[in-house]
Amino acid sequence: MIPILDSKRQYAQIGAEIEKEVTEVLRSGSYILGKHNKALEEEMAQFIGVNYSVALNSGTDALHLALRALDIGAGDEVITVAFTFVATTEAVGIVGAKPVFVDIDKDTFNIDPMKIEAAITPKTKAIIPVHLYGQPCDMDIIMDVAKRHNLYVIEDCCQAIGALYKGKMVGSFGDINCFSFYPTKNLGAMGDGGLCTTNNEQLKNRLTALRNHGGAVRYYHDEIGVNSRLDEVQAAILRVKLNYIKEWNEKRRKNAYFYNELLADCADVQTPSELDNTYCVYHQYTVKVPNRDEVHKLLQENGIGAMLYYPVPLHLQKVHEYLGVGAGSLPSTEDNTKSVVSLPMFPELTEDEQRTVASTLIDCIQKSKSPVCQA
Ligand SMILES: *Cc1c(COP(=O)(O)O)cnc(C)c1O
């Protein structure tokens, strides 16, 4: 079995270092908003190239609190994609705003920047570009549209920590930008975690208050907040792992390019394309194949932990029925949800495993074409 992700291999590399740091936290008696939190916020701000970062309990909270900090709520519209994890639009719903879906570019899997302008109405307050699978969105066009229409930009960087667009880190373009440290992400905690980045001091202060019951001073509360603090154990773990993220992302890229090579001669497989002048960090390695559902099933039966991200686009999920965005309205999004499959991808994946994945994929596609010959 070759899994989509094997976290144990990473732990084998850095476990001793983590255990030392965690033990120190456990013995220290300081478990919430302590020195590791502060240090992680400084280190992340420096890593991303922004003035501030605010550590939180999840990527979902990062998106939710970013919207709150920008005073986006009932009656407002937020432009984003339907080809993403549900948390992106869930956050919009939590604050009472309405997600407005723009179709994706069928090759990059990201928001089609040329289609944003047509979706803008007088109610539009923000754009949430999602850097899906670790591939940066076309930020020049997005920032330009946002500027001309006076809209906020909230980057969803949950899958793209360390990715670069024209030499600049994702998470440094928008007004507030959101990261997740869910264990399977490129920089994963050993529990939940998230973070917002911003260059704006007032927004940093607002986020810091919102995450801790809506007040900057203990027991003085200015507005309704939440409890979304990142605990010290997770912050300490993340600080250890942050030292490795560049190396791990490099390995993911190397693996992606090796897959590209292995699959280059198979006309049925569309390998990922990259925008020029970007550094993709391959949170997922996602290809498009014919007979996707059958191929996916065969891959699983043959010991390849292939996954579907995402099988149902968000506009066709029950939770968004109320929006009335029917089937057929986002053609590239809908086509892609029917043709994508993500292959095992993590830094420690070996070349031998990749060869097995690639040859099994090619076999499965062949088999899917001639089901009668299978027996
Ligand atoms: C993981 C993810 C989130 C949510 O992050 P959590 O930490 O799981 O709450 C949001 N958006 C995208 C694109 C994600 O991949």
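User: How much space lies in the second largest pocket?
Analyst: The model is predicted, so local features need pLDDT of at least 70 and side-chain atom pairs pLDDT 80 or more, while totals for chains, interfaces and linings use all residues. Residues are numbered from 1 along each chain as its sequence is written, and side-chain values use heavy atoms, without hydrogens and water. A pocket is an open set of points on a 1 Å grid over the protein atoms alone, with protein on both sides within 12 Å along at least five of seven lines. For the second largest pocket, the space filled by probe spheres set on such points is about 330 Å³.

User: Which residues are closest to the centre of the second largest pocket?
Analyst: This pocket is lined by 15 residues, a lining residue being one with an atom within 4 Å of a point. By class they are six nonpolar, six polar and three charged, with Gly counted as polar and Tyr and Cys as nonpolar. Closest to the centre of the second largest pocket are L33, N212, G215, A216 and R218.

User: What is the volume of the largest pocket, and which residues are closest to its centre?
Analyst: The largest pocket holds about 480 Å³ of space. Its lining has 28 residues, and the closest to the centre are F85, Y182, T184, K185 and H283.

User: Which helix supplies the largest share of the lining of the largest pocket?
Analyst: The lining divides into 13 nonpolar, 11 polar and four charged residues. Both α3 (59-69) and α4 (87-94) supply at least two of them, helices being DSSP runs of H or I with at least four residues and strands runs of E with at least two. The largest share, three residues, comes from α3.

User: Where does the largest pocket lie with respect to the domains?
Analyst: Domain bounds come from an automatic or database assignment. Residues of both domains belong to the lining, so the largest pocket lies between domain 1 (7-102 + 110-242) and domain 2 (245-367).

User: How much of the ligand's area does the protein bury?
Analyst: The ligand is surrounded by 16 residues (a heavy atom within 4 Å), and G59, T60, D156, S180 and K185 are the closest. Its oxygen atoms include one 2.8 Å from a polar backbone atom of G59 and one 2.6 Å from a side-chain N or O atom of S180, while a ligand nitrogen atom is 2.8 Å from a side-chain N or O atom of D156. Taken alone, the ligand exposes 380 Å² (Shrake-Rupley, 1.4 Å probe), and the share of that buried by the protein is 93%.

User: How many cavities of 30 Å³ or more does a search of the whole structure find, and what is the volume of the largest cavity?
Analyst: A cavity is a set of points where a 1.4 Å probe fits but cannot get out. The search finds one of 30 Å³ or more. The volume of the largest cavity is about 80 Å³.

User: Which domains give at least three residues to the lining of the largest cavity?
Analyst: Among the lining residues are T108, F109, Y133, P272, C280 and Y282. By class the lining has five nonpolar, six polar and one charged residues. At least three residues come from each of domain 1 and domain 2.

User: Which loop holds Y282, and what is its phi?
Analyst: Y282 is one of the residues lining the largest cavity. Its place is in the loop between β10 (278-279) and β11 (285-288). The phi of Y282 is positive, in a residue other than glycine, and near 40°.

User: Which peptide bond is cis, and what is its omega?
Analyst: Y310 lies in the loop between α9 (292-301) and α10 (331-339). The bond from Y309 to Y310 is cis, with omega near 10°.

Definitions and conventions
Polar contact = N/O pair within 3.5 Å; in protein donor to acceptor, adjacent residues only side chain to side chain.
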